[in-house]
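Visitor: I would like to learn how to read strands, contacts and cavities in a model such as this one. Could you take me through them in turn?

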Amino acid sequence: MIRYTLAASCIALALTANANATQVDEELEALKNRIEQLESEQEQVKEDKDASIKFGGAARFQYSYEDYDVDNEDRGGDFDFDLFRIDVNGNVDDVIFSAQYRWHQYMDVIHHAWVGYNFDEKQQAKIGITQVPFGILTWASNSFFFSSNFYTGLEDDYDMGLNYTYSGDANRLDLAFYKNDEQGGLDGYVSDRSERYSYDVVGVRLAGEGIYDAPSEGKAAGETNTLNARYAHNLAFGDVAVELGVSAQAGQLEIQDGTDGDHMAAALHSVINYDRWNLKLQLTDYEYDVDGMDVERMVVGAYAFYDSIPAEATSYVANVAYSLPVSMGPISNLTFYNDYSLVTDKPGVQEDTFMNVTGVAITAGGLYTYVDFVVAENQPFIGGSMVGNGETNKRLNINFGYYF
């Protein structure tokens, strides 16, 4: 009897063990499948992150006919290579980034390079070489030549620092701190401080110096510890959209001989959109001060040459544009515009600067073309300088580039 009981117990135990083993095997198989699924999802996330990194760029060329250059006139104008550039944009995890490098015939420069973080849909912070938040963004102009503010360092300027942006439904607030310019300031490790994309003050222009001279020994300078604040509010009046904004900028000047200096700028702007029409208006005032000196001119550098600007001035910008969708072969859009700039209230006997650009921007797939007719006086790149005393000059300019 005992033998039969033991046999029955062994059989029951074996059946139970077999059942438990089957359950364990099933659980192990389920766990294995889950691990494979997680690995697949992780790989997919990795692929998605890699796909968010995008490369692009452009190659641009230019024809110009200039009435202030006798040789250019005799040749019937010149056709030149403008630039080749590479762009990279994207994100890794929650970090965003953007950079652009440009190659010209006469210089290679960094345009911008920054990393940032999106706190939420409305708030963003960036560190690196970023666009200075001042006046109309992204540009206070429509043409290839920007407005005259660009040549005083107050449009599309890029410096090294920190940015914070809050962008709501009707309001945008930008706050920024720039330690120095994109080349590292006065003591930056560069061989030529004039080789840069955007204009910055690089010296104090002494009396008797030439307009295009490099800074004199001891009078090289750099902008440092600059604070920027910009606020814009958006309004709607039926079909009319209006942006109203105010900007302020203040910082120090570091001068090679140890002299203290400072600089400030302020602007009021408005951007008005109605149907296909766009109107840009901006009033800007700026000033550079150097202790113990009655300075009338400052040295600026950009595009591989030195130039001069008034130590203080007031500028006015008034631009109008009309965007026309078309179907003309590859051409999908024509934007007609007239941009006008006036720089006045300069110190001493310096004459006003004005620039009027009438043109059209042509979009044809990846090909984008500016056709500009420029009339200007005392305007850089139009045969003059901001501190010049020149005649009215004219330039026909066609810049076209393929963007990829």
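Guide: What follows goes from strand pairing to a single residue and then to the cavities. The model is predicted, and local features need pLDDT of at least 70, side-chain atom pairs count only at pLDDT 80 or more, while totals for chains, interfaces and linings use all residues. Residues are numbered from 1 along each chain as its sequence is written, and side-chain values use heavy atoms, with hydrogens and water left out.

Visitor: How many bridges join β15 to strand β16, and in which sense do the two run?

Guide: In a regular strand the side chains alternate between the two faces of the sheet. Strands here are DSSP runs of E with at least two residues, numbered from the N terminus, and two of them pair if DSSP finds at least two bridges between them. Strand β15 (residues 312-328) and strand β16 (residues 331-344) run antiparallel and are joined by 13 bridges, with Leu324 having Leu334 as its bridge partner in β16. Two residues lie between the strands of this hairpin, where Gly329 takes a positive phi near 65 degrees. Strand β15 also pairs with strand β12 (residues 277-290), in the antiparallel sense over 11 bridges, and Ala318 in β15 is the bridge partner of Leu281.

Visitor: Which residues is Asp78 in contact with, leaving aside its neighbours within four places in sequence?

Guide: Contact means heavy atoms within 4.5 Å, and by that criterion Asp78, with those neighbours left aside, touches Gln62, Tyr63, Ser64 and Asn72. Asp78 belongs to strand β2 (residues 78-92), and its side chain makes a polar contact of 2.7 Å with the side chain of Arg75. A polar contact is a pair of N or O atoms within 3.5 Å; within protein, one must be able to donate a hydrogen and the other to accept it, and residues adjacent in sequence count only if both atoms are side-chain atoms.

Visitor: How many cavities of 30 Å³ or more does the structure hold?

Guide: Rolling a probe the size of a water molecule over the atoms shows where empty space is left. On a 1 Å grid over the protein atoms alone, a cavity is a set of points where a 1.4 Å probe fits but cannot get out, and lining residues have an atom within 4 Å of a point. There are three cavities of 30 Å³ or more, and the largest has a volume of about 110 Å³. Of its 21 lining residues, Asp157, Asp159, Asp200, Glu223 and Gln249 are the closest to the centre.

Visitor: Which element gives the most to the lining of the largest cavity?

Guide: That element is β9, with four residues.

Notes
1 Å grid on protein atoms, 1.4 Å probe; cavity = no way out; pocket = protein on both sides within 12 Å on 5 of 7 lines; lining within 4 Å. Points joined across faces, edges and corners; volume = space filled by probe spheres on them.
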